[in-house]
Amino acid sequence: MKKITKATYLKWYEDMLFWRKFEDKLAQVYIQQKVRGFLHLYNGQEAILAGALHAMDLEKDRMITAYRNHVQPIGMGVDPKKVMAELYGKKTGTSMGLGGSMHIFAKEHRFYGGHGIVGGQIPLGAGLAFADKYHKRDSVTLTFMGDGAVRQGSVHETLNMAVNWNLPVVFCVENNGYAMGTSVARTSKDTEIWKLGNGYEMPCGPVDAMDPIKVAEAFDEAITRARKGNGPTFLELKTYRYRGHSMSDAQKYRTKEEVADYQKLDPITKVLDVIKEKKYASDKEIKEINKRVKDKVAECEKFADESDFPDKNVMYDVVYEQENYPFLPHKLD
């Protein structure tokens, strides 16, 4: 694995803080109705992305995930201004404003969404890995899902196919405890989700996903295995979301005390504590990072606010149309 150095910690702190503040701003403008529809935020889960990116080769590896998908493309290299513009429904967004919150997509950065159907991205992730194997490309696909998605039949079909075909894919369950609003304990006899991999003789295991180092180590092992041609891995990333499932979530399924306890494990605070303890940055330098993050978020908001909405005809231009389609009923004389 790439060494975890002073530079790594400083990058992790600035990246994770930016992702957090970027989404805090989204929550604010959502209340102002500048962002419409659903909005699912990643607050608390940032160590997963930080650790994964450290282990990945961003020149060739791919990522696909569900609808909690705003900060992942930013980590993969997408301009955050375009991500915020997409959430605003503006034509300068990643999909000209047509995708919105749940469907961020950037093929040029090997980020394949952003999928609103629960579990819908999982077979697609295996498909990306199959294409890489078929074309003999040295790439690995990280396929993310929430704990609620593992009850989908397509998950099990995909795991079976991936291990049979020895695909270069890492299946990553971001277990934040509650799916949409129901605890894992209420939906499964065994709450250790990672054990599902055993049923397919697939390497599997739990990961403390509030710590970017442990995440990076787990992903490095899984990605290395896949890149060597030794097939898929199934990881349960044990994390916690500080906000609701979406902005409309009343969160009556958990107590404020529970959330406060998990906030003591905040990965951003953990990384900052190491920076201070090892004197990787002075108080002045940390303040400069904080200001840089604040200014960057403000720049994204300004860009989204000032961008134009797409023309209505754009919606029709991106819909597939076949001339002389044979199955339309003929007009009666």
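**Close-up 1. M63 and its partner across the strands.** In this predicted model, M63 sits opposite L142 of strand 2. The pairing between strand 1 (residues 62-64) and strand 2 is parallel and takes in three bridges.

**Close-up 2. Strand 2 and its surroundings.** Strand 2 covers residues 141-146, and five of its six residues are buried, so the rest of the structure largely encloses this strand. Here "buried" stands for under 20% relative accessible area. As a reminder for reading the side chains, those of a regular strand alternate between the two faces of the sheet.

**Close-up 3. From strand 2 over to strand 3.** Strand 3 (residues 169-175) runs parallel to strand 2, and six bridges hook the two up. One pair to look for is G146 with E174, its bridge partner in strand 3. To get from strand 2 to strand 3, the chain passes through helix 6 (residues 153-165), and this β-α-β crossover is right-handed.

**Close-up 4. Helix 1 and what comes just after.** Helix 1 is made of 26 residues, running from 6 to 31. From first C-alpha to last, helix 1 reaches 38 Å, close to the 38 Å expected at 1.5 Å a residue. Just past the end of helix 1, Q33 adopts a positive phi of about 65°.

**Close-up 5. A nonpolar patch on the surface.** Six side chains to pick out here are M96, L98, M315, Y316, V318 and V319, which make a nonpolar surface patch of about 590 Å². As for where V318 belongs, look in the segment after helix 11 (313-317).

Definitions and conventions: Residues numbered from 1 in each chain as written. Predicted model: local features only at pLDDT ≥ 70, side-chain atom pairs only at ≥ 80, totals over all residues. Heavy atoms only, no water. Helix = DSSP H or I, 4+ residues; strand = E, 2+ residues; numbered from the N terminus. Expected span 1.5 Å × (residues − 1). Patch = residues over 30% accessible without salt bridge, like charges linked within 9 Å, V, L, I, M, F, W, Y side chains within 5 Å. Areas by Shrake-Rupley, 256 points an atom, 1.4 Å probe, with all protein chains shown as cover. Salt bridge = Lys/Arg side-chain N within 4 Å of Asp/Glu carboxyl O. Buried < 20%, exposed > 50% of the residue type's maximum accessible area, 1.4 Å probe, protein only. Pairing = 2+ DSSP bridges. Right-handed = clockwise from strand over helix to strand, strands pointing away.
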